[in-house]
Amino acid sequence: MLNLPILRWGQPYTSLDQDTVVHFITGEALARVSQANAGLLGRDMRLAPRARKVLAEIPIPELIGLMKKAADLYLNDALPMGDGEQTPDEFARHQSASTGLPEHMCKANMTKNHFVLSRMDQILDSLTRGLPTEILTRGYGRESRGVMVSYQAQAPVLGLVLPSNSPGVHTLWLPVIPMQVGLLLKPGPQEPWTPYRMAAAFLKAGVPKEAIAIYTGGGDIGAEVVRRAHRSMIFGGTATVERYKGDVRVQVHGPGFSKILLGDDVVDQWEKYLDVIVDSVFLNSGRGCINCSGIWASRHTREVAAALAERLGPVEPKPPEDPTCGLAAFTVPGAARSIWAIIEAGLQEPGVQDMTTRFGPRLVERERCGYLRPTVIHCDSPDLELANTEFMFPFVSVVRCPQEQMLEKIGPTLVCSAITQDQQWQRRLIDAPHIDRLNIGALPTLKLDWLQPHEGNIVEFLFRPRAFQASVEAVAV
Amino acid sequence: MRTATPKVGLSARVQDATERLDAHVRDIIEWHFNHETGCPFWLDFASTLNWDPRREIHCFADLRKLPPFEDEWLRGGPIRRWVPKGLGHLPAYVFETGGTTGVPKSRLAMEDFRIDYEMFSETLPDKYFPRDGNWLMLGPSGPRRLRLAVEHLCQHRGGICFCVDLDPRWVIKLIKQGRVNEVEMYKAHVIEQAVTVLHAGHDIRCLFTTPKLLEALAEELENQGTSIRGLGITGVFAGGTEFTPQFTRFAMEELLGEGVYMTPTYGNTLMGLACSKPVSAEDGYKISYYAPQPRAVIEVVSFEDRDRVVSYSKTGRVRLTTLTRETFIPGFLERDEGERERPYDAYPWDGVSGVRPFRQLAGTTTVGVY
């Protein structure tokens, strides 16, 4: 069993409070994880400015080079993990064993992280819109068009309160170190693996150890991270989103309520788009905020739902090491049952129908985990409770709604794939402020362009553009 | 209560303590169920039984013959139903616990809080809690017993006690409403007052505080370029279920450092104060609490059967019995759980370690608010 210490800005610290991460099938103890107390984290925040200082001593292009090196180390090398070492295969196995995600999906996430790290130059260039990198270091400078600009770092470190159940989100914080901002990581209790492995890869590549801290612990530690860091990113449910709404210090990543809208001009050919719909709902076991949880159309919705159910309904749980396993397990005791209870309550409403019933029970309970098999719901109206719901498994509502009401009814939508050639409607979609990522055409909601921002531009979150004037001789730095 | 240096074996001392406890139980039962000395509540209660506690209860174990004590009995009035006739001539205090919403639980008191804290005083090392040293009471005030008790402890040791107001009911309300910024503002307000007093030249040497406030005070002082030790404080008396071994280690190693002695305690308005066995790095900062027996008794009982004490080192719910002439509360189930600890030389009776919120109530209880 591995022992994972707290990392206090590079210094390992073994706590007297320990949490054990176990295999969701066998119950085998995989790691003993030191648990921080809030005071420890608070006290160490005095060292946060040092994180930016040591990073600022390394030019950004050099840090980008270190990210590329770290990418290969992360993907291919055996790296330190607490008091032991972990090969890439062991990493995927451990991550799968504690999060319930099938091993091949864990490996796919590794490839995704590698992709982002190894293209960091292009990603930063795109997110900064070609800003010379030394402007982020110095805080001011002239753009290529000759205009003086200033970007002021808003915090020496970014706090991250990471989830247990979605290893796909880690790409979001990978550009932070090359922007010379330190990392204050609070891993999800079931997923300590990625923060530790990524930190090990960064350190081996040459990132200063003083730039990275990892505080494992309970909910109080997450709250302390947000309280202490001037900028933090947190992952959670709707309640978390509501709690931090309007707090400029916090970027909240909650449910996506991502959707595919079929325009009236294409809906009669809905069968053409079935593959895109299936992929959007099912890939990555439906766990991501970019997975599709709603298909909206004005007609043929019952046929669409039936066809989807035909494709997804028969899917069954398989062992996590099976390369054809498509379903992740819920490893938190009682989680699958609770979710199913919410769905069952919603199904009582008139106008709602579970189209997957004929393929057997959706809730499958095992000794230490539970599964929810893909579930397709048909909703006669957009006003029904289950019409706009998201759960962390392949769950989708096919909603009948007139096109002219769709934009009013869909609510906040992280990814909207609108399949339509109706130019007037496209205009309205482009203008809709409650849609974050917009795809026009038959694009899966999961398809990301890494050169574009996700739920806010991280550069703008960490650096504030402001006015700056100086006579040349007065500027000494 | 600390007993004399052992000259006999531990088992004999345990036996002796048990006999003293049983004798004390007989005395307390005689007092509370006697029409000349008892309080209206227990006399009325006895009239509903078809047996006489004074005839049937001869030892501590016999207290199980009484039906379970219900904490709801402590809510609401009239408060005078708890005044023992034999003590009716003494000035009475009422102390409250809980009460963020609804009617708080009350405990009537005359001298108990003074006696409890005088006994506790005997456990404090003079080197770190100097006689005549002044104190700062940085904890909950208002209707809580702690405020007066700490002040009495200080006075008993010859010092003068400075105090800061702190209303935990308001803090709990803010937390429940998610008003985190206001909680922080209130904490800063409390700490600011404490720092002002500490800097005011009053030669304060001892401190009562809670884990959260200890952290906040240490941080603020450090931001000002000084420390708790730097301001001359050498003794810290602290309480709260957040006193985990990890917190204790953190406080001793990083907040206090060499030269400051900290003694965790476990207590409440009903029980009084349980002292901890000295905490050390060698013992993994384990905290074991021992009640001031025979005035109060801590038992660790099965979650399923409140009358069955669990085996040593096993986990159970904390059950508390208060046995003073002012207050008789048999078998009160606390909102905490922990592991049963063996008697040892200084405290030859059972203790409890690893105290934390009772798992079935943990989600509904707001702890560590101040």
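This is a short tour of chain A, moving from the whole chain to its two domains, then to one helix and one strand.

**The whole chain.** Begin with all of chain A on the screen, and keep in mind that the model is predicted. Its secondary structure comes to 16 helices and 24 strands, and its C-alpha atoms fill a box of roughly 70 × 55 × 35 Å along the principal axes. A compact globule of 477 residues would have a radius of gyration near 23 Å, and chain A has 23 Å, which agrees. If you colour the chain by burial, 49% of the 477 residues will show as buried.

**The two domains.** Next, select residues 2–254 together with 455–474, which form domain 1 of chain A, and give another colour to 258–440, which form domain 2 of chain A. Their centres, taken over C-alpha atoms, are separated by 31 Å, and the contact takes 18 residues from domain 1 and 18 residues from domain 2. To find the side of domain 1 that touches domain 2, select helix 4 (88–99) and helix 5 (103–118), each of which supplies at least two of its residues. By class, this side of domain 1 has 5 nonpolar, 11 polar and 2 charged residues.

**Helix 6.** Now move to residues 120–127 of chain A, which are helix 6, and show the side chains of its buried residues, Met120(A), Ile123(A), Leu124(A) and Leu127(A). These four cover an arc of only 95° around the axis, which puts them on the same side of helix 6. An α-helix has 3.6 residues a turn, so residues three or four places apart point the same way. Add helix 3 (60–76), helix 5 and helix 16 (458–462) to the view, since these are among the elements that cover the buried residues of helix 6. Just after helix 6, stop at Arg129(A), which takes a positive phi of about 55°.

**Strand 21.** Finally, select residues 395–400 of chain A, which are strand 21; 6 of the 6 residues are buried, so this strand is largely enclosed by the rest of the structure. Turn the strand to see that Phe395(A), Ser397(A) and Val399(A) point one way, while Val396(A), Val398(A) and Arg400(A) point the other way. Then add two strands that pair with strand 21: strand 16 (residues 292–297), which is parallel to strand 21 over 4 bridges, and strand 20 (residues 375–379), which also runs parallel and is joined to strand 21 by 5 bridges. For landmarks in these pairings, look for Gly294(A) opposite Ser397(A) and for Cys379(A) opposite Val399(A).

Note on methods. Residues numbered from 1 in each chain as written. Chains lettered and ligands numbered in written order. Predicted model: local features only at pLDDT ≥ 70, side-chain atom pairs only at ≥ 80, totals over all residues. Rg over C-alpha atoms; globule rule 2.2 N^0.38 Å. Buried ≥ 20, exposed ≤ 12 C-beta atoms within 10 Å, placed from the backbone. Domains from an automatic or database assignment. Contact = placed C-beta atoms within 7 Å. Nonpolar A, V, L, I, M, F, W, Y, C, P; charged D, E, K, R; others polar. Arc of directions from axis to C-beta. Pairing = 2+ DSSP bridges.
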